[in-house]
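Me: Please give me a close look at one part of this structure, namely the charged side chains that pair with one another. I would like to know where they sit and what lies around them.

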Amino acid sequence: MHPGILATGAVVGLFSATLSPQSPSAIINPPDDKIVIELATVNGSGCPKGSAEVAVSPDNTAFTVTYSKYLARVGGDSDPTEFRKNCQLSLIVYVPSGFTYAIASADYRGYTSLQPGATGQEKASYYFQGSPDTAAISHNFKGPQNDNWQATDETDWGQLVWAPCGARRNFNINTELRVNAGTSDPKKTSFMTMDSTDTDINTVYRLAWKQCPKP
């Protein structure tokens, strides 16, 4: 992997919020019972029907989202609308009784082919249903590049936003890929994908766990 392609950023306040009196109080290990994550809705030009899947790790510490048709491109014979692709996932998360969770970090990866003068961007935002607390972080890439890319969003423990105890709220993930031709040769194509060449997992969300206070 080209050293300039790895992008890692601390998300200062990506999930920041003031915890309520009913907020979880103790740091604990992942629950023994399995969580179940279902895709409630999938919308966007980057994830047409049937092209996104979710899987939970056996130890309940992460889940993955796999995309198979998430590609943005410009130049050459590209359609003018293809420079930007997006996907909004709404996840139903069934958590073992007495527990709550937060998203501690997220890894994104894919492939980028950018002509000299072209640029690419990956952006993501996260929020629980009914919560106004949302923020976005972007990772930028400059041509020439022709290699795998990876980006990581992270946040400190004290800034995590936890799912409300005793209430089921869908967890929403909005992602976007954008490619700008810039000063590149308009006859040549630049593109960026959020997947891997064999359609293996491309996005990993790591979970943090706490125990809810007893009623």
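Reply: In this predicted model, a good place to begin is R84, which counts as partly exposed at 30% relative accessibility. The side chain of R84 meets that of E176 in a salt bridge, with 3.1 Å from N to O. This pair joins distant parts of the chain: R84 belongs to strand β7 (residues 84–94) and E176 to strand β12 (residues 171–180), and the two are 92 residues apart. In general, side chains of opposite charge can pair when their charged atoms come close.

How accessible is E176 itself? E176 has a relative accessibility of 8% and therefore counts as buried, because the cut-off for that class is under 20%. E176 also meets R178 through its side chain, in a salt bridge of 3.0 Å from N to O. R178 is partly exposed, with a relative accessible area of 31%. The buried E176 thus has salt bridges to R84 and to R178.

The strands that hold the first pair can now be placed in their sheet. Strands β7 and β12 belong to an open sheet of 5 strands, in the order β3-β7-β12-β9-β10, with antiparallel pairing. The edges of this sheet are β3 (36–43) and β10 (136–142); each has a single partner strand, so one side of each is left without a neighbour in the sheet. From one strand to the next, the twist averages 20°. As a general principle, the strands of a sheet pair through backbone hydrogen bonds, either parallel or antiparallel. Here, β3 and β7 run antiparallel and are joined by 7 bridges. One detail of this pairing concerns E38, whose bridge partner in β7 is I92.

Beyond the pairs of E176, a search of the whole structure finds 4 salt bridges in total. R73, D77 and E82 are linked in a network of such bridges. Within this network, the side chains of R73 and D77 meet at 3.6 Å, N to O. Are these two residues buried or exposed? D77 is exposed, as its relative accessible area is 64%, whereas R73 is partly exposed at 24%. The reason for the two labels is that exposed requires over 50%, and partly exposed lies between that value and the 20% below which a residue is buried.

Strand β7 also leads to another feature, a pocket. The second largest pocket holds about 250 Å³ of space. It is lined by 17 residues, of which V95, F99, P164, G166 and A167 are the closest to its centre. The elements that give two or more residues to this lining are β7 and β8 (99–114), and β8 provides the largest share, with 3 residues. By type, the lining divides into 11 nonpolar, 4 polar and 2 charged residues.

Finally, the region that follows the edge strand β10 deserves a remark. P144 lies in the loop between β10 and β11 (145–154), and a cis peptide bond joins G143 to P144, with omega at about 5°.

To return to the original request, the R84 and E176 pair links β7 with β12, and both strands take part in the open sheet.

Notes: Residues are numbered from 1 along each chain as its sequence is written. This is a predicted model: local features need pLDDT of at least 70, side-chain atom pairs count only at pLDDT 80 or more; totals for chains, interfaces and linings use all residues. Side-chain values use heavy atoms; hydrogens and water are left out. Buried means under 20% relative accessible area, exposed over 50%, partly exposed in between (1.4 Å probe, protein chains only). Helices (H or I, at least four residues) and strands (E, at least two) are DSSP runs, numbered from the N terminus. Two strands pair if DSSP finds at least two bridges between them. Axes are lines fitted to C-alpha atoms, for helices over the stretch in contact, and angles run from 0 to 180 degrees between N-to-C directions. On a 1 Å grid over the protein atoms alone, a cavity is a set of points where a 1.4 Å probe fits but cannot get out, and a pocket is an open set with protein on both sides within 12 Å along at least five of seven lines; lining residues have an atom within 4 Å of a point. Grid points are joined across faces, edges and corners, and a volume is the space filled by probe spheres set on the points. Ala, Val, Leu, Ile, Met, Phe, Trp, Tyr, Cys and Pro count as nonpolar, Asp, Glu, Lys and Arg as charged, and the others, Gly among them, as polar.
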